Amino acid sequence: MRFSPAGDPGVPDDRSATRYLVWLAGRHPFLFGSGIALGIVWMVAQALMPAAVGRAVDAGLAHRDPDALLTWGAVLLGLGVLQAAAGILRHRCAVHNWLAAAYRTVQVTVGATNRLGAALPRRVAAGEVVSIGTADIEHIGSAIDITARGTGSIVAIATVAVILLDASVPLGLVVVLGVPLLMGLVGLLIRPLHRQQQAFRDSEGRLTARAGDIVSGLRVLRGVGGEPVLSARYRTQSQALRADGLRVARVESLLELAQVLLPGAFVVLVTWLGARFALRGEISAGQLVAFYGYTAFLISPLRNLTEAADKLTRGHVAARRVVRLLRLTPELVDPARPAALPAGPGELVDVQSGLMLRPGRFTALAAADPEDAAAIADRLGRYVDGDVTLHGVPLRDLTVATVRERILVADNDAHLFTGPLRAELDPHDAADRAAVEAALVAASATDIVAALPDGLDGRVAERGREFSGGQRQRLRLARALVADPETLVLVEPTSAVDAHTEARIADRLGAARRGRTTLVCTTSPLMLGRAEHVVFVEDGKVVAEGRHDELLAAEPRYAATVSREEER
């Protein structure tokens, strides 16, 4: 069953990975800005602590001044309290920003898949969408989260550089020149990591899609003996993904090495230079203590910067996958100026085939080629473009949402979703219990509900795997009847049920849809015999119309088509 798509949640039209990340950050400007501001306060407060310790040593201990020692001790305490408070608030903002970015991406992805509608399986693999909702949202959230610590680290390093330049120009220059050099060395690893991560993500998406295909078709594969072949192919592709993962791990291990080795070497260098300056008397004992504190402190912001480079790279790769999905455009778009459609049921006409559905009538369509019936159903529901009119208004002049509201196409490609059966049969929660039970009776599905321990409150497993093919088909039919659309198009609604069940459904369907327009695409004599009007299609065109018995007597081609169904 196909439902109307969701609207675009406002993603900018000029979509690129960078702009997408900026757009996510701008969705909550106050919290995002607060996170950055608190990150700066948090890091700068830590950066000033060594200066306070150094002044306490020089003014308090070296000069034996208790008041100065107490004053600078109080300053150090204040900086500690400020750093603790800012760190707590920054973390709260960071968690909120991470969750907002990750789950906004989920919303955007779901909106894009709904917007693509029936074209989605033809345009993108299911594994791509699954990978976005599992792995990519984590990297996108981390990219937004790291901005607060990364910005605070940059400001803290700049603060330390200014203090060091004021105390000793050579030491200050070491910091000013050394930090960009360290970031440049880390940057050499970013580009290959970017390429390897992109290859890994693509391989992961393809493998996920193959796994989904194997799981969904496992019963068929076992029946035809194809399970070993598909398993071998999956293992081969899995090993290829493993090789891609190892290549990513190699680059990541080098990046982790750089995150530890380079800042550590830098700290050793600054400490060694500070000790030499202190021995020559160029700096005081308090300044030496402060310099050592700065070198120990610089490990944190430097690691934050290398971590930021890593996470921003991962986030950019993940955002590219999201943007690639968002750039896909639906095959059908709404007109610039939608036409108005009269209220109430109207005549639905497919010009290409010559099919005319009169309002309020139960019509059956029998096609010599089942693909012709499916093509007509797709045009009537506007899942493909065609010359179809409702109330004389072309469907292409209406919004897709309007068409979905007035015309419902239910076919055997529809899925049952996980959740309570009651919500599955009435996803919009618009019908009362009596309507749901009446739909179950019409679809001859009451025995299915009765067999469940909790009845309508029982949970449906993934894709309704606990039900047989015929049971799933009857539940899909019940769901379509609960929706009670103005025009209902059913494609082979009884192809998987036994003859007795099909007879019950055929007897009840007309009464359940009385006063509403219904088209059933089928070659079943049981269903054709209960229809008020039957249309026979050959080579995509209507070639005969009338009652079932009339067509059997007057149209040999129709009789041959129906007799093939009886022979089955």
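Let's begin at Leu-165, which sits in helix 5, the helix that spans residues 126-167. Keep in mind as you look around that this is a predicted model. Leu-165 has a relative accessibility of 32%, so it counts as partly exposed. Buried would mean under 20% and exposed over 50%, and that is why a value of 32% falls in the class between.

Leu-165 has company on the surface. Together with Val-169, Leu-173, Val-176 and Leu-177, Leu-165 makes up a nonpolar patch. The accessible area of these five residues adds up to about 410 Å². If you want to find the rest of the patch, turn to helix 6, residues 169-216. That helix supplies four residues, the largest share of the patch.

Now stay with helix 5 a little longer, but move to Arg-149, which lies in that helix. Here the topic changes from nonpolar side chains to charged ones. Side chains of opposite charge can pair when their charged atoms come close. The structure as a whole holds 16 salt bridges. In one of them, the side chain of Arg-149 meets that of Glu-307, with 3.2 Å from N to O. Glu-307 belongs to helix 9 (residues 285-326) and Arg-149 to helix 5, so this contact ties together parts of the chain that are 158 residues apart in sequence. How covered are the two partners? Arg-149 has 14% relative accessibility and therefore counts as buried, while Glu-307, at 21%, counts as partly exposed.

Glu-307 also has a salt bridge to Lys-311, and there the N to O distance is 2.8 Å. This second pair is of a local kind: Glu-307 and Lys-311 are four residues apart in helix 9, which means that about one helical turn separates them.

Another salt bridge takes us further along the chain, to Arg-474 and Asp-447, whose side chains meet at 3.0 Å, N to O. Arg-474 is in helix 15 and Asp-447 in helix 14 (residues 446-451), so to speak two distant parts of the chain, 27 residues apart, that this pair links. Arg-474 counts as buried because its relative accessibility is 9%. Asp-447, in contrast, is partly exposed, with a relative accessible area of 42%. Coming back to the earlier charged residues, salt bridges with shared partners join Arg-149, Glu-307 and Lys-311 into one network.

Helix 15 is also a good place from which to look inside the protein. How many cavities of 30 Å³ or more are there? The count comes to four, and the largest of them has a volume of about 90 Å³. Twelve residues line the largest cavity, and those nearest its centre are Ala-410, Asp-411, Gln-473, Arg-476 and Leu-477. Two elements, helix 15 (469-483) and strand 9 (487-491), each give two or more residues to this lining. Helix 15 gives the most, with four residues. What is the character of the lining? Seven of its residues are nonpolar, two are polar and three are charged.

From here we can step to a few loop residues. Asn-412 is placed in the loop between strand 6 (407-410) and strand 7 (419-420). With a relative accessible area of 31%, Asn-412 is partly exposed. Its C-alpha is 9.9 Å from that of Gly-469, although the two residues are 57 apart in sequence.

Two other loop residues deserve a look at their backbone angles. Which residue other than glycine has a phi near 60 degrees? That is His-391, with a positive value, and you will find His-391 in the loop between strand 4 (388-390) and strand 5 (393-394). At 27% relative accessibility, His-391 counts as partly exposed. Ser-444 likewise is not a glycine and has a positive phi, of about 55 degrees. The place of Ser-444 is the loop that runs between helix 13 (433-442) and helix 14. Is Ser-444 buried or exposed? Ser-444 is buried, because its relative accessible area is 6%.

Note on methods: Residues numbered from 1 in each chain as written. Predicted model: local features only at pLDDT ≥ 70, side-chain atom pairs only at ≥ 80, totals over all residues. Heavy atoms only, no water. Patch = residues over 30% accessible without salt bridge, like charges linked within 9 Å, V, L, I, M, F, W, Y side chains within 5 Å. Areas by Shrake-Rupley, 256 points an atom, 1.4 Å probe, with all protein chains shown as cover. Salt bridge = Lys/Arg side-chain N within 4 Å of Asp/Glu carboxyl O. Buried < 20%, exposed > 50% of the residue type's maximum accessible area, 1.4 Å probe, protein only. 1 Å grid on protein atoms, 1.4 Å probe; cavity = no way out; pocket = protein on both sides within 12 Å on 5 of 7 lines; lining within 4 Å. Points joined across faces, edges and corners; volume = space filled by probe spheres on them. Nonpolar A, V, L, I, M, F, W, Y, C, P; charged D, E, K, R; others polar.
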